[in-house]
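Colleague: I should like to request a close look at a single part of this model, namely the surroundings of the ligand. Please describe them in one connected account.

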Amino acid sequence: MDWKHRHVLDLKDWTRDEILFLLGQAKNMDDLMDRPIRKVPALRGKLVVNLFFEASTRTRVSFELAEKMLSADVVNWSASGSSVGKGETLRDTAWTLEAMGADAVVIRHGSVGSAHYLSKKLHRASVFNGGDGAYSHPTQALLDAYTAWKHFSSLEGRKLAIIGDVLHSRVARSDVQVFKELGCEVVLSGPETLMPLDVAAMGVAYEPDPRRAVKGADMVYLLRIQRERQEEGLFPSLDEYYLRYGADEDLVARAEKGALVMHPGPINRRVEIDSAVADGSQSRILQQVRSGVAVRMALLYLCLGGVMA
Ligand code: CP
C-alpha cells in the first residue's frame, strides 16, 4: 500500500484498508518483539521527541520502546522542569525541538486539538497524538483493534460493548471510529450523566444497563472512571458505581462465551472492574499493553518512511 499519512492525529479519515494494513504491519512488529535481538535499523538517524504535558505510563513508555527498537534517537521531554515554566508556548517549544532536528513529535496534552495545532505549525516533523483532552487517542484505539483482530482474525460482525465514563473518554471516541470502520456493532453503556450528548451522531447505540449491553458482545471494554471528575457529582459514589456498572464475573458471564475483557489502563480495581475479571482468563489488558509497542512501531515505521533492510 502507498502510505499517505505523515501524522497520526485522529482516525476520522482513515479507511478500512489503511487500518487493516496497519494491523498487518503491527503483526510483523509483534513477531519481531519475540526475537532474541529486538532491534532493527529502520529509523536509524531519525530523531523522535516525546512531548508529554500530562502523566502517562503506557503511551509514553511504549512509544519510547518502539522508537528504540526501530533504532531512532529518542528525547523524552516533560513539561515539569522545562521552559514552559518560564512562559514558553507550545508552538515555540515545538519549533525549538524541530530546530534541533526532530523528525517526529509524540504529544500528549490536556487541550483538545493540540496535536492538530502542532501538525499545522511544524514545518517537516511528523506529529503523533498520544491523547489530546477528551477528543482523541488514536494509537490506543489502533492497539485495541489490533489486540481484538489478533484474537478473532476478523472483526466484521463482532459486537463491542464499551462501558463507563464515555463523556470524558478520548479512548471511547477513537475506539468507536476504528471498530465501526472494521465492521463492528458498538454499544455504549453507563450512567446517562457520563454519556456525551452526541451518541446518536456517533452512530452507536446506548443501553444504560450494562447487563443488557453485554448480551451478544464479543468484547467487553471497561473505561476508567476519572476520579478527578467525581467532585462534579456525576454519579452518587464510587461504591454505587461499582455495584451498578462495575465489571464482575456475573457481568462478563452475560457476554458471549470467551468474550475478551479490555481496558485501556490504568485500572481502578473495584470501581470499574473487579480483580477477578481484570486478572481472569478472559482479560486482554496486558496483551493490550504489549500491542501498544507493536502498533506504535508500525505507525512510526510507516509515517517516517522507515527502511527495514
Ligand atoms: N491507556 C493510556 O493512555 O495509558 P497511559 O495514560 O498510562 O498512557
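Modeller: By class, the shell around the ligand consists of one nonpolar, six polar and two charged residues. Please bear in mind that the model is predicted. The residues of this shell are Ser-56, Thr-57, Arg-58, Thr-59, Arg-108, His-137, Gln-140, Pro-264 and Gly-265. Pro counts as nonpolar and Arg as charged, so the nonpolar member is Pro-264 and the charged members are Arg-58 and Arg-108. Two domains contribute to the shell: at least three residues come from each of domain 1 (16–136 + 289–303) and domain 2 (138–287).

Some of these residues can be followed down to single atoms. Ser-56 places a polar side-chain atom 2.6 Å from an oxygen atom of the ligand. In the side chain of His-137, an N or O atom is 2.9 Å from an oxygen atom of the ligand. With Pro-264 the backbone takes part, as one of its N or O atoms there lies 2.9 Å from a nitrogen atom of the ligand. On its own, the ligand has 250 Å² of accessible area, and the protein covers 91% of it.

The ligand sits in the largest pocket. Apart from pockets, there is one cavity of 30 Å³ or more, and the largest cavity holds about 60 Å³ of space. Among the residues that line the largest cavity are Arg-58, Gln-140 and Pro-264, and these three residues also belong to the shell around the ligand. Other lining residues include Ser-62, Leu-143, His-263 and Arg-296.

Conventions: Residues are numbered from 1 along each chain as its sequence is written. This is a predicted model: local features need pLDDT of at least 70, side-chain atom pairs count only at pLDDT 80 or more; totals for chains, interfaces and linings use all residues. Side-chain values use heavy atoms; hydrogens and water are left out. A residue is near a molecule or strand if one of its heavy atoms lies within 4 Å of it. A polar contact is a pair of N or O atoms within 3.5 Å; within protein, one must be able to donate a hydrogen and the other to accept it, and residues adjacent in sequence count only if both atoms are side-chain atoms. Accessible areas come from the Shrake-Rupley method with a 1.4 Å probe; for residues, only the protein chains shown count as cover. On a 1 Å grid over the protein atoms alone, a cavity is a set of points where a 1.4 Å probe fits but cannot get out, and a pocket is an open set with protein on both sides within 12 Å along at least five of seven lines; lining residues have an atom within 4 Å of a point. A molecule sits in a cavity or pocket if more than half of its atoms lie within 2 Å of its grid points. Domain bounds come from an automatic or database domain assignment. Grid points are joined across faces, edges and corners, and a volume is the space filled by probe spheres set on the points.
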